[in-house]
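Q: I should like to learn how to read the features of a protein model. Could you guide me through them in turn?

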Amino acid sequence: MAAHDDTGRPDTAAPAIELKGISKAFGPVQANKDISIRVMPGTIHGIIGENGAGKSTLMSILYGFYKADAGEIWVHGARREIPDSQAAIAAGIGMVFQHFKLVENFTVLENVVLGAEEGARLTPSLSKARKLLKQLSEEYELHVDPDALIQDLGVGMQQRVEILKALYRQADILILDEPTGVLTPAEADHLFRILEGLKREGKTIILITHKLREIMEITDTVSVMRLGEMTATVKTPETSPEQLAELMVGRKVLLRVDKAPARPGETVLQVDNLKVTDSKGVERLRGVSLNVRKGEILGIAGVAGNGQSELLEVLGGMREGRGSVQLNGQELDLSGTKSDARTRRRRGIAHVPEDRQREGLIMDFQAWENVGFGYHDDPAYCRGMFMDNAALRKDTERKIEKFDVRPANADLAAKSFSGGNQQKLVIARELERNPDLLLVGQPTRGVDIGAIEFIHQQIVALRDEGKAVLLVSVELDEIMALSDRIAVMFDGSIMGERLPSETSERELGLLMAGISDTSREHSIKEVEENLAHSGGKVMT
Amino acid sequence: MTKMPRWADIALIPLINLALALLVAGIVLLFIGQNPVEALQIMVRGAVGSTYGWGYTLFYATNFIFTGLAVAVAFHAKLFNIGGEGQAQLGSLGVALVCLAVPWPHWLLALPAAIVGGAVFGAAWAFIPAYLQAKRGSHIVITTIMFNFIASSLLVYLLVSTLKAPGMAPESARFPEGAWLPSARELFASIGIEFSRAPLNVSFLVALLACWLVWLLLWRTRLGYEIRALGHSEPAARYAGISPPRIVIIAMLISGALAGLMAVNAVMGEQERLLQDNVLGAGFVGIAVALMGRSHPVGVLLAAILFGALYQGGAELEFETSVPRQMIIVIQALVILFTGALDNMVREPVTGLFLRYGKRKPAPGTPAE
């Protein structure tokens, strides 16, 4: 804002952002240790690291959410105190959060102006913003209808609004936190084009991600964080994904999943014309048919919100549906009291849910209580109406050891484990039941690279034992790496099925955007229009 | 993020809350020209300075244990049952009907029957709001509070018509002698200890048993596990095959039954007849007791005794000084305010202090972030 103007033209010789010796502790946890970094103006600087490495903490300090215990922040060669986000904005720093901070029932224009209104009357600010928005959208390919309501826009569009918000506040340094997590490959490509455009105009961009591919594709420089420390800063052309992965984890990592070709047997799960209508009357599944056989992994690809969650929930017994689902040739009840998760588990369906913190675990329960979760009426864990806590605890200790959960402490509350170890607890619980069918949603969301490798190996091992696996993931890389067959979902329907060896990310990306097999000649532009259009009914 | 040690959470914070409440009450007393130190002494002496004081303190505490447990069980399922008052009133009806229906030969027979009567009536009164919440989504806070009024009116109606005993007062006939519960004085006398005449009776032991059973239910049974799981996360409960409507109804039935049990103490143990106003706000005090006791039976027990002492001490203060009755209610209200509603005011700064100065001992294996 006003304060930004008196710094004049950025001094191109000085770094846009320079952090010197930043440290920050939360209680006994040292989230950032003596971090120094120089981000040169007009570049795209990637920051990569595992979950819990301290990336978000560092950016929160830069944006004024946390106060560093020690260290200095320099912006364009001048030392700055950034006690709150107002100061960050004044210093020309804009932030696009992973979880958007938009008012759903406001228009794009109202959201952009919100908090930056000039005076009590809204109309002058709005008309000024409208002009500026038009100019920005032409300059940077940031096309958004200023009068659309946020709730009617797809995720990709909402993200553009976040970027516009930052630009409207005259940010010349833009921080993006995991920006591609919710985007289709086509949308991600478009975002990268926008970022390239911003860079050409002299803006500085800091990109936080855990995706090595994005770092390689778009950044000029990359800094790697591990365990709260900055382990390396390298020029992107001079490094490789393997080297970066090693720097992140501290040891060599297999980036590919080693697996033998599948030897599928008879059909375990047969789904025919499955439909789900949600409480608002919106049809979430519009007649899905698929099958999974013994010894194979069927991957469901798709942008979040296209019915995959509902599919898992119906199969897992968390939601009612219509149609036909057969498990080992026997019909499952899709509504009524016999359609609950308990009955499904007894029939041999294990379920690693998409959101482990909301569904898979009770965060305030101790690890041993969570290991019985969903199986708490198993005779092995019970004595009559009482829980056999000793047996449960013993079983938990065994699972913790087998699945290398750290810290190996069965009495710790689930929320005290890192994301990866929480997921290992869930995986241990579900895989050890020796199910006929494993439903698994977003198995590695928010999980560090080391644990991803382990979790992938466990899922493949289950397949090799001759079990059927239905995998849902929004990470296309994960789908490609694990699946023996890939089905793509869009707007509650299966758009098509492909073999991983005979398809490409581009083809899958088109299917994910709702472009069916017959019309593969569509241009990227049409894909986007399709997405923007579908956004209204796919997203709530 | 690390937490405060458990003892601070359970003991230190309630004590700070209590001290603040007494401090403010003291200032108010100063304003009306009373000596706060003297007043506090009278209250403490009146509540716990004699077997007479204890007899009243623990009598009140018995009521608060039942209503406190009732609120606590519902809390564990994330249900805010503020209908303890009405459920206790219906419980009193159940207890009275049981006591009046049969010419009981001995209290040992009458007590279990009255427990069933109070529990069933209390649970039945909680069932309707529970059903409406579970199946129709009517918010339980609204329905339970409305049911308090209905219960009160229902009782008045019965006491001026069907159940009314001959005479002027709207009250039932006196219970038969076989349904009178032994008082603490009689119980202690049987083992040769002298205890003052006070309404404390054998129901206190029933209350202690209820504490233990609630603990057993919540932390040792499958049902308790399901109640707590639902209280923490409804999507997780559905994922685990726990039916939320079923657990909501069961938790409320247990809650209502516990509230209904209060009548065993108040109606059967003391009044020995059904009076129009026999709950006297204990249902609402139960909310403060559950909050202060952090919904744990041991915490509920201790908080109930504190509130019992406050009631008894307040009565003594009124008796011995010119502090008006309203002032006593102010003091009690201050304690409820500080321990219940303003709990976070103390909790956050104290947690902050512990995090700041508690670094030397990091929790074992706390992961980064």
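**Reading the contact between the chains**

A: Let us start with the contact, bearing in mind that this is a predicted model. Between chain B and chain A there are two salt bridges. In one of them, B:Arg228 pairs with A:Glu369, the closest N and O atoms being 3.0 Å apart.

Q: Which helices of chain B each supply at least two residues of the side that touches chain A?

A: They are helix 8 (203-220), helix 9 (222-232) and helix 10 (234-239) of chain B. Helix 9 of chain B gives the largest share of that side, six residues. By kind, the residues of the side of chain B that touches chain A are 16 nonpolar, seven polar and seven charged.

Q: How is the size of such a contact expressed, and what is the area buried between chain B and chain A?

A: The size of an interface is often given as the accessible area lost when the parts come together. Here the area buried between chain B and chain A is about 3100 Å², and carbon and sulfur atoms give 61% of that area. The contact takes 42 residues from chain A and 30 residues from chain B. The count of residue pairs in polar contact between the two chains, both residues at pLDDT 80 or more, is 17.

Q: How should I read a sheet, and in what order do the strands of the open sheet of four stand?

A: Strands of a sheet pair through backbone hydrogen bonds, either parallel or antiparallel. In chain A, four strands form an open sheet in the order 12-11-14-15, with antiparallel pairing. Its edge strands are strand 12 (283-293) and strand 15 (330-331) of chain A, each pairing on one side only. Strand 14 (residues 322-327) of chain A is joined to strand 15 of chain A by two bridges; in one of the pairs, A:Leu327 has A:Gln330 as its bridge partner.

Q: Which helix lies across strand 11, strand 12 and strand 14 of chain A?

A: Helix 10 (residues 308-316) of chain A does so, and this helix runs at about 115 degrees to strand 11 (267-277) of chain A.

Q: What is the pairing in the open sheet of six strands?

A: The pairing is mixed, and the order in chain A is 16-19-20-13-21-22. Strand 16 (349-352) and strand 22 (493-498) of chain A are the edge strands. From one strand to the next, the twist averages 20 degrees. Strand 13 (residues 296-301) and strand 20 (residues 468-472) of chain A pair in the parallel sense over five bridges, and A:Ile300 has A:Val472 as its bridge partner. Helix 16 (residues 449-464) of chain A lies across strand 13, strand 19 (437-441) and strand 20 of chain A, at about 130 degrees to strand 13.

Q: How many residues lie between strand 9 and strand 10 of chain A in their hairpin?

A: There are two residues between them, and A:Leu227 in the turn has a positive phi of about 50 degrees. Strand 9 (residues 221-226) and strand 10 (residues 229-235) of chain A are antiparallel and share six bridges. A:Thr221 has A:Lys235 as its bridge partner.

Q: What should I look for in the backbone angles elsewhere?

A: Most residues other than glycine have a negative phi, and most peptide bonds are trans. A:Glu141 has a positive phi, near 60 degrees, and lies in the loop between helix 5 (122-140) and helix 6 (155-168) of chain A. The peptide bond from A:Arg406 to A:Pro407 is cis, with omega near -5 degrees. A:Pro407 is found in the loop between helix 14 (389-402) and helix 15 (419-431) of chain A.

Terms used. Residues numbered from 1 in each chain as written. Chains lettered and ligands numbered in written order. Predicted model: local features only at pLDDT ≥ 70, side-chain atom pairs only at ≥ 80, totals over all residues. Heavy atoms only, no water. Pairing = 2+ DSSP bridges. Contact = heavy atoms within 4.5 Å. Axes fitted to C-alpha atoms, helices over the stretch in contact; angles between N-to-C directions. Buried area = accessible area lost by both parts, 1.4 Å probe. Salt bridge = Lys/Arg side-chain N within 4 Å of Asp/Glu carboxyl O. Polar contact = N/O pair within 3.5 Å; in protein donor to acceptor, adjacent residues only side chain to side chain. Nonpolar A, V, L, I, M, F, W, Y, C, P; charged D, E, K, R; others polar.
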